[in-house]
Amino acid sequence: MLDQAFTIGGLLSFLLYVAGIAALIALFLVLINVFKVLKNVNEIVERNQGEIDHTIKTLPSIMDNAKDISTNVNSISNDATKLINDVKPEIEKVVTTVGSVSDTVNGITRKVDDTSLKVSNTVMNVSDVISDTAKTISLSSNNAIDYFYILKEVAKTLKEVFLK
């Protein structure tokens with residue numbers, strides 16, 4: 001039996017048979033895994049059958065609500081677009097007006113600053129003049145009182161001289 005010769009055709013046939021057997025074994029293993037997955041999916045579906053039925057029953061109303069929401073959003077979007085287009089010129093006018101008001105306020109602020117500086121300087125000058133005047137009056141009144149006392153002494157001395 002060992003004397004038989006191998007031919008290339010026989011060798012190729014043998015390799016094809018081995019490859020076929022390997023493919024069948026791999027297919028069998030894949031089918032076993034597919035059956036396990038299908039079994040798990042079937043168990044999950046059976047456990048959640050109530051929720052699935054409820055979801056299937058409520059799906060049409062959910063779709064109707066989604067359609068209504070989509071319609072409302074589209075309507076709001078169209079209204080907003082129209083409103084923006086209608087208001088755009090007024091907004092541009094407001095922006096221009098705000099710019100000119102800002103310029104006017106800046107000018108007024110500068111004038112108020114200049115005026116407050118001038119008022120402050122004037123108040124300081126008036127205060128200095130009043131202070132100097134008060135000092136002068138105070139000194140003058142002291143001198144007048146001194147003169148009054150001197151006159152009083154002179155009158156007293158004259159009185160004593162004439163009465164003697």
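**Two helices, little buried**

Author: The accessible surface of the protein comes to about 15000 Å², and 68% of that belongs to carbon and sulfur atoms. Areas here are Shrake-Rupley values with a 1.4 Å probe, and for residues only the protein chains shown count as cover. Mind that this is a predicted model, where local features need pLDDT of at least 70 and side-chain atom pairs pLDDT 80 or more, while totals for chains, interfaces and linings use all residues. Residues are numbered from 1 along each chain as its sequence is written, and side-chain values use heavy atoms, leaving out hydrogens and water.

Reader: How do you know how many helices and strands the protein has?

Author: From DSSP runs, numbered from the N terminus: H or I over at least four residues makes a helix, E over at least two a strand. That gives 2 helices and 0 strands.

Reader: What does the radius of gyration say, set against a compact globule of 164 residues?

Author: The globule would come out near 15 Å, but the protein has 58 Å. That radius is taken over C-alpha atoms, and the rule is 2.2 Å times the number of residues to the power 0.38. The C-alpha box is roughly 190 × 55 × 40 Å along the principal axes.

Reader: Why is Leu 31 called buried, partly exposed or exposed?

Author: Buried is under 20% relative accessible area, exposed is over 50%, and partly exposed lies in between (1.4 Å probe, protein chains only). Leu 31 has 39%, so it counts as partly exposed. Leu 31 sits in helix 1, residues 8-47. Across the protein, buried residues make up 1% of the 164.

Reader: And what about Thr 157?

Author: Partly exposed, because its value is 44%. Thr 157 belongs to helix 2, residues 49-163. Its C-alpha is 106 Å from that of Asn 85, 72 residues away along the chain.

Reader: What makes Thr 7 buried or exposed?

Author: Its 52% relative accessibility, so Thr 7 counts as exposed. Thr 7 lies in the segment before helix 1. Thr 7 and Ile 69 are 62 residues apart in sequence and 76 Å apart, C-alpha to C-alpha.
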